[in-house]
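The following paragraphs offer a guided reading of one protein model for a student who is new to such structures. Please keep the sequence and the three-dimensional view at hand while reading.

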Amino acid sequence: MNESCRPFLVLGLGNELLGDDAVGIHIVRQLQARLPQEVECIVSALSGFALLDFLVGRRKVAIVDCYIPREGMAGEILELRPQDWEITPAPCPHYAGIGELHQWMQALEPDFPAELRIFCVPVCDSATVREGLTEEVAARLAETVEAIERAIRSWFRECSQIECHSARSAIRRK
């Protein structure tokens with residue numbers, strides 16, 4: 001493990017210029033004040049292979065990002081694990097998804113996290129240029145932060161002494 005980084009990482013992804021796309025960033029900024037020091041919280045607008053620098057040398061990584069639910073979906077928070085990811089070849093490395101990164105890391109065998117999960121938060125619009133979250137997403141932000149905090153604390157608990165917050169879990173595991 002890289003000695004300069006903490007073993008547990010919560011990584012919030014998004015673009016703050018695209019409104020709801022930044023929900024992962026908003027959530028992780030709030031989690032930073034709520035999680036213990038052994039959990040490092042980072043926010044980033046990077047994607048693809050640029051994320052490797054954040055991942056190498058960690059034991060466990062939780063990524064928080066957004067998704068747009070398919071028509072008819074309830075819009076639940078999803079918790080995805082490597083076995084849930086589709087590997088879709090990207091047109092170039094700049095567009096590589098987390099599934100492709102995981103596949104490359106397994107092939108190259110660097111110090112990739114032993115466990116990696118993605119918390120996908122439903123949003124309505126992640127493509128409109130605007131500052132701030134839509135009213136719908138903003139109204140659910142506190143509840144979403146609590147649900148993700150509970151899931152992260154529960155997951156990290158086996159490797160550390162992180163106490164569990166008494167928030168009600170609202171995350172559907174896929």
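Of the contacts in the protein with a separation of 6 or more, 75% are between residues 24 or more positions apart, where a contact means heavy atoms within 4.5 Å. One example of distant positions brought together in space is the pair A127 and D21: these residues are 106 residues apart in sequence, yet their C-alpha atoms are 7.2 Å apart. A127 belongs to the loop between β5 and α4.

This is a predicted model, in which local features need pLDDT of at least 70 and side-chain atom pairs count only at pLDDT 80 or more, while totals for chains, interfaces and linings use all residues. Residues are numbered from 1 along each chain as its sequence is written, and side-chain values use heavy atoms, with hydrogens and water left out. The pLDDT is the predictor's confidence in each residue, on a scale from 0 to 100. Its average over the protein is 79, and 75% of the residues score at least 70. Among the elements, helix α1 (residues 23-32) has the highest mean pLDDT, 96, and strand β6 (residues 171-173) the lowest, 48. Over residues 161-174 the pLDDT is below 50, and this stretch has 40 contacts in the model beyond near neighbours in sequence.

The protein contains five helices and six strands. These elements are DSSP runs numbered from the N terminus, with helices (H or I) of at least four residues and strands (E) of at least two. Along the sequence, they follow the pattern β-α-β-α-β-β-α-β-α-α-β.

How much of the protein is buried? Of its 174 residues, 46% are buried. A residue is called buried under 20% relative accessible area, exposed over 50%, and partly exposed in between (1.4 Å probe, protein chains only). The protein exposes about 9400 Å², and carbon and sulfur atoms supply 49% of that area; accessible areas come from the Shrake-Rupley method with a 1.4 Å probe, and for residues only the protein chains shown count as cover. A127 counts as exposed because its relative accessibility is 60%.

Helix α1 shows how buried residues are covered. Its buried residues are V23, G24, I25, I27, V28 and L31. The elements that cover them include the strands β1 (8-13), β2 (39-44), β3 (60-67) and β5 (115-122), together with the helices α4 (135-139) and α5 (141-157).

In a regular strand the side chains alternate between the two faces of the sheet. Strand β4 (residues 77-80) can be read in this light: I77 and E79 point one way, L78 and L80 point the other way, and all are buried. Strands β4 and β5 run antiparallel and are joined by three bridges; two strands pair if DSSP finds at least two bridges between them. Within this pairing, L80 stands opposite I118 in β5.

Side chains of opposite charge can pair when their charged atoms come close. A salt bridge is a side-chain nitrogen of Lys or Arg within 4 Å of a carboxyl oxygen of Asp or Glu, and by this rule the count comes to ten. One of them joins E115 to K60, with the closest N and O atoms 3.6 Å apart. E115 lies in strand β5 and K60 in strand β3, so this pair ties together parts that are 55 residues apart in sequence. K60 is buried because its relative accessible area is 2%, whereas E115, at 27%, counts as partly exposed.

E79, already met in β4, forms a salt bridge with R81, at 3.4 Å from N to O. Here E79 is buried, with a relative accessible area of 1%, and R81 counts as partly exposed at 25% relative accessibility. A network of salt bridges links K60, E79, R81, E115 and R117.

Another salt bridge lies within helix α5, where R153 and E149 are four residues apart, about one turn of the helix. Their closest N and O atoms are 2.8 Å apart, and both residues are buried.

Finally, the cysteines deserve attention. A disulfide is a covalent bond between the sulfur atoms of two cysteines; here it is identified as a pair of cysteine sulfur atoms within 2.5 Å. The structure holds zero disulfides. For C120, the nearest cysteine sulfur is that of C66, 8.8 Å away. C120 counts as buried because its relative accessibility is 9%, while C124, at 45%, counts as partly exposed.
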